[in-house]
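Student: I have a new model open on my screen and would like to talk it through. Could you take me around it?

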Amino acid sequence: MSEHGHDLHSLFPHAIDRLHHLKLTDAYFRGLADRYHDLAGEISRIIEGLSAASDARLEDLKKQRLALLDTIGAMIAPGRPA
């Protein structure tokens with residue numbers, strides 16, 4: 001399993017322009033998106049066997065990724081100011 005399918009553009013295809021705009025104009029959002037990208041990559045490397053981690057560590061990383069996804073989703077929600 002690769003990160004493909006877990007990147008923000010795949011998860012929010014309806015909000016590609018909003019994602020791009022926020023990455024360019026909002027440092028907080030950019031930090032969240034970068035952290036999400038890093039976590040997704042780390043999770044993929046563990047699942048593919050390229051990095052070692054305990055099951056507990058992998059689950060913790062997945063929970064962190066999900067929390068970031070919730071925050072990002074709220075930030076790109078329709079009706080939220082740009």
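**Charges, core and chain ends**

Tutor: Let us begin with charge, keeping in mind that this is a predicted model: the protein has 10 positive and 12 negative charges, and the mean positions of the two sets are 3 Å apart.

Student: OK, and the fold, how many helices and strands are there?

Tutor: There are four helices and zero strands, so that the pattern read along the sequence is α-α-α-α. The C-alpha trace spans about 40 × 20 × 20 Å along its principal axes.

Student: What share of the residues is buried?

Tutor: Of the 82 residues in the protein, 32% are buried. The protein exposes about 5,100 Å², and carbon and sulfur atoms supply 56% of that area. As for contacts between residues at least 6 apart in sequence, 65% of them join residues at least 24 apart.

Student: Which residues of the largest nonpolar core touch the most other members?

Tutor: That core has 20 residues, and those touching the most other members are Leu8, Phe12, Leu19, Phe29, Tyr36, Ile72 and Ile76. Two or more residues come from each of helix H2 (16-25), helix H3 (27-47) and helix H4 (55-75), and H3 gives the most, with eight residues.

Student: Let's stay on H3, then. Which of its residues are buried?

Tutor: The buried residues in H3 are Phe29, Leu32, Ala33, Tyr36, Leu39, Ala40, Gly41, Ile43, Ser44 and Ile46. Their cover includes helix H1 (8-11), H2 and H4.

Student: Several of those numbers go up in threes and fours; why would that be?

Tutor: In an α-helix there are 3.6 residues a turn, so residues three or four places apart point the same way.

Student: And what length should H3 have, going by its 21 residues?

Tutor: At 1.5 Å a residue, the 21 residues of H3 should span 30 Å, and because its end C-alpha atoms are 30 Å apart, the model agrees with that expectation.

Student: What about Ile47, is that one buried or exposed?

Tutor: Neither, strictly speaking: Ile47, which lies in helix H3, has a relative accessibility of 37% and therefore counts as partly exposed, since buried would require a value under 20% and exposed one over 50%. Its C-alpha atom is 35 Å from that of Arg80, with their positions 33 residues apart in sequence.

Student: Switching to Phe12, where is it, and what does it touch?

Tutor: Phe12 sits in the loop between H1 and H2, and at 13% relative accessibility it counts as buried because the cut-off is under 20%. Not counting residues up to four places away in sequence, Phe12 touches Leu19, Leu69, Ile72, Gly73 and Ile76.

Student: How far apart are Phe12 and Ile76?

Tutor: In sequence Phe12 and Ile76 are 64 residues apart, while in space they are 9.0 Å apart, C-alpha to C-alpha. Leaving aside neighbours within four places in sequence, Ile76 is in contact with Phe12, Ala15, Arg18, Leu19, Leu22 and Phe29.

Student: Last one: where is Pro78, and is it buried or exposed?

Tutor: Pro78 belongs to the segment after H4, and its relative accessible area of 79% is over the 50% cut-off, so Pro78 is exposed. The C-alpha atoms of Pro78 and Ala15 are separated by 9.0 Å, although these residues are 63 residues apart along the chain.

Conventions
Residues are numbered from 1 along each chain as its sequence is written. This is a predicted model: local features need pLDDT of at least 70, side-chain atom pairs count only at pLDDT 80 or more; totals for chains, interfaces and linings use all residues. Side-chain values use heavy atoms; hydrogens and water are left out. Buried means under 20% relative accessible area, exposed over 50%, partly exposed in between (1.4 Å probe, protein chains only). Contact means heavy atoms within 4.5 Å. Accessible areas come from the Shrake-Rupley method with a 1.4 Å probe; for residues, only the protein chains shown count as cover. Lys and Arg count as positive and Asp and Glu as negative; His and the chain ends are not counted. The place of a charge is taken as NZ of Lys, CZ of Arg, CG of Asp or CD of Glu. A nonpolar core is a set of buried Ala, Val, Leu, Ile, Met, Phe, Trp, Tyr and Cys residues joined through side-chain atoms within 4.5 Å. The expected span of a helix is 1.5 Å times one less than its number of residues.
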